[in-house]
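Here are some exercises to work through with the model open beside you. Try each task before reading its solution.

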Amino acid sequence: MKLFYTRFLLVVMSLFVLSACSKSEHTYSVKSPDNNIEVEFALSDTGQPMYLLNYKNKAVIDTSYISFDLNSAPSLKENFKVINTTSGSADSTWEMPWGEELEVRDHYNELIVYLEEQFDEQRKMNIHFKVYDDGLGFRYEFPEQPNMKEVLITDENTQFKLSGDHQVWWQPGDWDIYEHLYNNTKFSEIDAIAYRDNPNLKSTYIPENAVNTPVTMKTAEGLYLSFHEADLTNYAGMTLKVDVENLSMVSELVGSKRLGGKAKVTIPFNTPWRTIQIEEKPGDLIESKLSLNLNEPNELGDVSYFTPMKYVGIWWEMHIGKSTWDLEGSQDMNTFTTGKAGTSRHGANTENTMKYIDFAAANNIKGILVEGWNTGWDKWINDDREGVFDFITPYPDFDFDKVMAYAKEKGVQFIMHHETSAAPMTYEKQMDKAYAFMADNDIHAVKTGYVGKIIPEGEYHHGQWMVNHYHKVLIETAKMKIAVNAHEPIKATGKRRTYPNAIAREGLRGQEFNAWGKLGGNPPNHLPNIVFTRMLSGPIDFTPGVFNIKFNEYKTENQVNTTLAQQLALYVVIYSPIQMACDLPEHYMVDGKIHPAFQFISDVGVDWQKSNVLDGEVGDYVVIARQERETGNWFVGGITDENARDQSIRFDFLEPGKTYQATIYKDGPNAHWDNNPQSYTIEKMEVTNESTIDIHMAPGGGFAISIMQ
């Protein structure tokens with residue numbers, strides 16, 4: 001990855017006084033490059049660190065306090081003094097090897113405050129602020145020092161004191177999963193405890209009235225905020241414990257019963273960045289690259305072994321109950337949702353896989369995922385899950401060598417699948433052989449899975465121990481030139497900049513919930529929520545592309561709660577460098593021919609030169625345009641919630657003086673997500689950058705536009 005410096009980095013060592021503070025002798029501040037955002041830092045009269053955040057001279061975060069509680073040591077809280085400060089600025093541009101943009105500007109002003117205890121052990125802690133035009137990040141840096149070598153953090157207490165009772169889009173602060181639906185309430189109405197012990201979710205632990213991040217808010221004045229973290233490394237994931245009466249949040253790290261605390265660190269050490277995005281338009285939250293910029297540059301160098309692609313796979317047929325993961329026919333999704341074994345056949349057999357390969361090769365699809373090809377699936381959903389999977393031995397009805405040769409002949413790349421059954425210690429013992437097997441077979445991408453409660457007991461998916469495991473997977477796969485699509489993951493925090501083999505992850509209530517019996521489907525407002533919450537953290541492997549919306553021949557009690565046109569739009573709206581056409585090949589055929597609407601999936605890009613959010617509102621609707629790298633073609637996607645919507649599209653993002661051929665895939669006149677989801681129309685027209693068109697989106701509907709030069 002190239003790094004171009006467009007200006008220079010200025011660092012000025014200084015100790016300066018800017019203004020008086022009622023609780024402290026001095027206040028130190030830093031502003032964003034455009035001067036709209038200002039952070040003020042001070043010490044209270046007891047020497048406790050505190051900060052205040054302003055936007056255009058109005059408080060966004062009121063006076064908030066900072067401290068750490070430690071095991072077998074006094075808290076890092078009071079009696080601090082400022083011994084020095086460093087201020088500076090930087091403005092550079094870096095290239096994404098794949099992503100939503102080709103170039104990313106990294107422009108910020110910074111302030112580092114150096115603190116030392118006045119009494120006792122005189123321990124040191126620095127607070128590092130980076131302020132951008134679209135928000136800020138701050139972290140805690142513990143320099144090497146004689147009186148602090150190794151510490152067990154029992155609580156990090158970073159406060160966020162809100163300026164009002166904001167509208168919030170939130171999900172519970174679960175230590176194990178991100179698969180809850182998002183709620184939209186006033187901050188004072190947040191009740192995560194109500195979602196504790198949810199019978200519809202097997203792996204879940206909600207110890208506090210807390211929310212997961214990203215959590216997005218809208219103030220009464222119309223300002224949009226989103227709270228998250230960046231560069232989560234060797235530390236516990238952060239939830240935010242809410243105080244509904246005082247309109248405040250404080251960091252609540254995911255713990256470990258085995259560790260007896262939240263995070264064990266060796267000094268010197270830097271925590272992850274605590275981030276706050278601040279925007280006047282909701283779409284700017286999506287366009288922001290704040291989290292990426294707060295991560296370190298690419299450490300892997302060339303990652304051209306990974307090619308952004310669309311893929312098909314033997315996956316959806318297990319969720320709707322047509323096939324099983326195991327050879328014995330006992331492990332389809334009915335087993336998980338109803339406790340009853342299915343009667344379907346093993347999906348990952350040689351003949352079925354070759355059928356998918358043929359379909360991919362004929363329709364500009366470059367990859368195939370096959371779940372259930374390897375032994376162990378008959379023991380997957382059991383209490384004794386430790387070490388049940390073998391990642392190199394196929395079931396007898398899957399001729400691995402024949403399938404690999406056929407895929408190579410057809411120009412389709414095989415995507416490996418490693419379901420670990422949430423037994424990471426066993427998986428780490430298997431890594432060398434499993435990754436070498438992939439390398440020997442020229443396989444450069446793997447989908448990992450961690451379904452179930454983490455083994456050993458007392459660890460959680462989002463705790464420090466698992467954060468380090470997920471990191472180890474990235475390091476070890478990179479050595480073998482393998483890219484990772486993680487399911488049941490730790491949340492994305494921008495580490496794909498440093499490790500661009502981290503291509504995508506799940507970490508949300510995905511498409512599969514639409515097929516899961518008593519679990520119920522995703523409501524029509526789910527994805528308009530996701531775009532402005534979960535997607536702010538990074539790429540999503542949502543697996544769009546269901547055409548057989550009702551799938552009544554397999555299940556009559558479930559359906560996908562969108563229109564067909566919205567399924568097309570998701571290839572643009574939901575960002576990922578790998579996009580699945582998840583339905584069965586036969587569902588993409590009409591009278592022996594490819595479905596006319598599938599042309600959009602064949603055409604749409606997955607790797608982008610630039611991305612523009614044209615319109616949207618959190619939880620309601622969004623319209624996004626993206627330009628494909630190399631071809632220069634544009635694609636536009638729009639989705640809405642359960643409400644019908646008329647959307648005007650201006651094509652002023654196109655290059656002036658050129659005429660483009662646009663193909664519009666949209667809801668039919670009487671389309672509706674529930675009673676007429678497969679109604680669609682296709683129109684073609686010429687457009688220029690002066691063109692404007694109006695499109696009607698049906699309830700739960702959307703549209704997709706391909707714009708070719």
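**Exercise 1. Find how many cavities of 30 Å³ or more the structure holds, then describe the lining of the second largest.**

Solution. Keep in mind that this is a predicted model.
- Step 1: count the cavities. There are eleven of 30 Å³ or more.
- Step 2: take the second largest, with a volume of about 250 Å³. Its lining is made up of 23 residues, and Glu100, Ile286, Ser288, Met535 and Leu536 lie nearest the centre.
- Step 3: ask which elements contribute. At least two lining residues each come from helix 1 (282-287), helix 2 (290-293), strand 35 (608-617) and strand 36 (621-628).
- Step 4: sort the lining by class. Nine residues are nonpolar, eight polar and six charged.

**Exercise 2. Describe the largest pocket and its lining, then look at Glu630.**

Solution.
- Step 1: the largest pocket has a volume of about 440 Å³.
- Step 2: of its 19 lining residues, Pro308, Val606, Asp607, Glu628 and Glu630 lie nearest the centre. Strand 24 (309-314) and helix 11 (598-603) are the elements that give two or more residues to this lining.
- Step 3: by class, the lining of the largest pocket has six nonpolar, six polar and seven charged residues.
- Step 4: turn to Glu630, in the loop between strand 36 and strand 37 (634-640). Its relative accessibility is 86%; the cut-off for exposed is over 50%, so Glu630 counts as exposed. Its phi is positive, about 70°, although Glu630 is not a glycine.

**Exercise 3. Work out which face of helix 6 is buried, and what packs against it.**

Solution.
- Step 1: list the buried residues of helix 6 (residues 400-410): Phe400, Val403, Met404, Tyr406 and Ala407.
- Step 2: look down the helix axis. These buried residues fall within an arc of 165°, so they line one face of helix 6.
- Step 3: check the face turned away from the buried side. There you find the exposed residues Asp401, Lys408 and Glu409.
- Step 4: identify the partners. The buried residues of helix 6 pack against helix 5 (350-362), strand 28 (413-419) and helix 7 (424-440).
- Step 5: go just past the end of helix 6, where Gly411 takes a positive phi of about 75°.

**Exercise 4. Which residues have the most contacts inside the largest nonpolar core?**

Solution.
- Step 1: the largest nonpolar core has 180 residues, and those with the most contacts inside it are Phe129, Phe227, Trp316, Phe414 and Ile574. Helix 10 (residues 564-573) gives the largest share of this core, seven residues.
- Step 2: apart from this core lies another, of 18 residues, including Trp634, Phe653, Ile693 and Ile707.
- Step 3: follow Trp316. Among the residues Trp316 touches are Gln511, Val546, Phe551, Val560 and Leu584.

**Exercise 5. Is Ile278 buried or exposed, and which residues does Ile278 touch?**

Solution.
- Step 1: place Ile278 in strand 23 (residues 273-279).
- Step 2: its relative accessible area is 1%, so Ile278 is buried.
- Step 3: list some contacts of Ile278, among them Ile37, Leu53, Tyr55 and Leu223. Ile37 and Ile278 are 241 residues apart in sequence, with their C-alpha atoms 8.5 Å apart in space.

**Exercise 6. Where do the cis peptide bonds from Thr213 to Pro214 and from Ile267 to Pro268 lie?**

Solution.
- Step 1: the Thr213 to Pro214 bond has omega near 5°. Pro214 lies in the loop between strand 16 (210-211) and strand 17 (215-218).
- Step 2: the Ile267 to Pro268 bond has omega near 10°. Pro268 lies in the loop between strand 21 (263-266) and strand 22 (269-270).

Note on methods:
Residues are numbered from 1 along each chain as its sequence is written. This is a predicted model: local features need pLDDT of at least 70, side-chain atom pairs count only at pLDDT 80 or more; totals for chains, interfaces and linings use all residues. Side-chain values use heavy atoms; hydrogens and water are left out. A nonpolar core is a set of buried Ala, Val, Leu, Ile, Met, Phe, Trp, Tyr and Cys residues joined through side-chain atoms within 4.5 Å. Buried means under 20% relative accessible area, exposed over 50%, partly exposed in between (1.4 Å probe, protein chains only). Helices (H or I, at least four residues) and strands (E, at least two) are DSSP runs, numbered from the N terminus. Contact means heavy atoms within 4.5 Å. On a 1 Å grid over the protein atoms alone, a cavity is a set of points where a 1.4 Å probe fits but cannot get out, and a pocket is an open set with protein on both sides within 12 Å along at least five of seven lines; lining residues have an atom within 4 Å of a point. Grid points are joined across faces, edges and corners, and a volume is the space filled by probe spheres set on the points. Ala, Val, Leu, Ile, Met, Phe, Trp, Tyr, Cys and Pro count as nonpolar, Asp, Glu, Lys and Arg as charged, and the others, Gly among them, as polar. The arc is that of the directions from the helix axis to the C-beta atoms. Lists of a residue's contacts leave out its neighbours within four places in sequence.
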